[in-house]
Number of protein chains: 2
Amino acid sequence: MAFATKKGASAKLRSAAFKRVRADHSAELAEDYVEMIADLIDERGEARCTDLALRLGVANATVVKTMRRLQVAGLINQEPYRAIFLTSDGWKMAEDGRRRHALVEKFLLALGVTRETARIDSEGIEHHVSAETLKAMAKFLARNGG
Amino acid sequence: MAFATKKGASAKLRSAAFKRVRADHSAELAEDYVEMIADLIDERGEARCTDLALRLGVANATVVKTMRRLQVAGLINQEPYRAIFLTSDGWKMAEDGRRRHALVEKFLLALGVTRETARIDSEGIEHHVSAETLKAMAKFLARNGG
DNA sequence: TTGGAAGTTTAGCATTTGCTAAATTATTTG
DNA sequence: CAAATAATTTAGCAAATGCTAAACTTCCAA
């Protein structure tokens, strides 16, 4: 090591944040898919791969592959060539996501950004907001006409 | 298609947000690495793979591989077995990241979360905050003792 | 009831991002 | 200065996430 400075302890603390971000990313995609499946079921009675692909902006085959992973993860159920259903774990995740998403979006609106920006930014932000920060956002909303 | 509902136009709009998130993710890693290289150079005079690996919580070989990509992207310069230097593009990215990062972290603190949460959440959030939202955060800070 | 359009799946590929183990180079020290 | 220690690189692997093209089902309509 070129410069013998203290490290180790502080570095380990620091690295924890990055590890959390990396872990978030794996969960993130599952959450987005599951949330959208829930939306489709509510809006039109069933969720189909094609609709998912269209809304997420990915290819059909990508959705299919992801569905297999989600099934293995116990979040959805699907028979070949049939519509997609959420398991109870899936519904729980979807509803958690929706709640968080809605709150972040409302918060951004209350902060004064445009509707469009709130919609886009909340999509990226929602997965990285801890329970504590979420609570602080809720408190802010309560104070500022949520 | 099972239920003939309007789609297409609204779906394309919707999918844009997800596409932005996916695009953000590719940039995100580069930004984290570059920002940390800048920190190391400022703190201790040079940036070494080992220190990066320690702080980011990844294996050494992972850093090396990423360095090659960053070099191809024109963000860093490095001779074999030597320290890492930022190009001017690299410095620009690092400074952008630092500014955004610091602002988001201060904003979270002003919102009332603990120091630790602000540190961790800002790490994940900073990459998904648009210029407009950033400006709104700055305005909030100006009003609320930033 | 059957033929074609629409939807789904499979196969095969690429990239990113991580890992461990082994080989190589630099540095420090006895 | 040579041996030991530390740092770096290479090689080879794996998983996640994306793609296109081709094959297969399903379903509606003539």
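These exercises, each with a worked solution, walk through a predicted model of protein chains and DNA.

Residues are numbered from 1 along each chain as its sequence is written, chains are lettered from A and ligands numbered from 1 in the order in which they are written, and side-chain values use heavy atoms, leaving out hydrogens and water. Local features need pLDDT of at least 70, side-chain atom pairs count only at pLDDT 80 or more, and totals for chains, interfaces and linings use all residues.

**Exercise 1. The surface near DNA strand D**

Task: State how many residues surround DNA strand D, and which elements supply them.

Solution.
- Step 1. Set the cut-off. A residue is near a strand if one of its heavy atoms lies within 4 Å of it.
- Step 2. Count. DNA strand D is surrounded by 24 residues. The closest are A59(A), T62(A), K65(A), R22(B) and T50(B).
- Step 3. Look at the DNA side. Of the atoms of DNA strand D that come within 4 Å of the protein, 73% belong to sugar and phosphate.
- Step 4. Sort the residues. There are 12 nonpolar, 5 polar and 7 charged. Here Ala, Val, Leu, Ile, Met, Phe, Trp, Tyr, Cys and Pro count as nonpolar, Asp, Glu, Lys and Arg as charged, and the others, Gly among them, as polar.
- Step 5. Assign the elements. Helices (H or I, at least four residues) and strands (E, at least two) are DSSP runs, numbered from the N terminus. Chain A brings helix 1 (9–44) and helix 3 (60–72), and chain B brings helix 2 (49–56) and helix 3 (60–72); each supplies at least two residues. Helix 3 of chain B gives the most, with 5 residues.

**Exercise 2. Side chains at the phosphates**

Task: Give the distances from R69(A), R82(A) and T50(B) to phosphate oxygens of DNA strand D.

Solution.
- Step 1. Recall the rule. A polar contact is a pair of N or O atoms within 3.5 Å; within protein, one must be able to donate a hydrogen and the other to accept it, and residues adjacent in sequence count only if both atoms are side-chain atoms.
- Step 2. Take chain A. An N or O atom in the side chain of R69(A) is 3.1 Å from a phosphate oxygen. For a polar side-chain atom of R82(A), the distance is 3.5 Å.
- Step 3. Take chain B. T50(B) places a polar side-chain atom 2.3 Å from a phosphate oxygen.

**Exercise 3. How the two chains relate**

Task: Find the operation that superposes chain B on chain A.

Solution.
- Step 1. Superpose by least squares on the C-alpha atoms of residues with pLDDT of at least 70 in both copies.
- Step 2. Read the result. A 180° rotation with 0.0 Å of shift along its axis does it, at RMSD 0.0 Å. That is the relation of a two-fold axis.
- Step 3. Locate the axis. In chain B, I125(B) has the C-alpha nearest to it, at 2.7 Å.
- Step 4. Compare the contact residues (contact means heavy atoms within 4.5 Å). Those of chain B recur in chain A at 100%, so the same surface serves both copies.

**Exercise 4. Packing around M93(A)**

Task: Place M93(A) and A30(A), and list what each touches.

Solution.
- Step 1. Place them. M93(A) lies in helix 4 (residues 88–111) of chain A. A30(A) lies in helix 1 of chain A.
- Step 2. Check accessibility. Buried means under 20% relative accessible area, exposed over 50%, partly exposed in between (1.4 Å probe, protein chains only). M93(A) is at 24%, so it counts as partly exposed. A30(A) is at 13%, so it counts as buried.
- Step 3. List contacts, leaving out neighbours up to four places away in sequence. M93(A) touches A30(A), E31(A), V34(A) and L75(A). A30(A) touches L70(A), L75(A) and M93(A).
- Step 4. Add spacing. M93(A) and A30(A) are 63 residues apart along the chain, with C-alpha atoms separated by 9.1 Å. A30(A) and L75(A) are 45 residues apart in sequence and 8.7 Å apart, C-alpha to C-alpha.

**Exercise 5. An unusual backbone angle**

Task: Describe the phi and the setting of Y81(A).

Solution.
- Step 1. Recall the background. Most residues other than glycine have a negative phi.
- Step 2. Read the angle. Phi of Y81(A) is positive, near 65°.
- Step 3. Place the residue. Y81(A) is in the loop between strand 1 (76–78) and strand 2 (84–86) of chain A.
- Step 4. Check accessibility. At 80%, Y81(A) is exposed.
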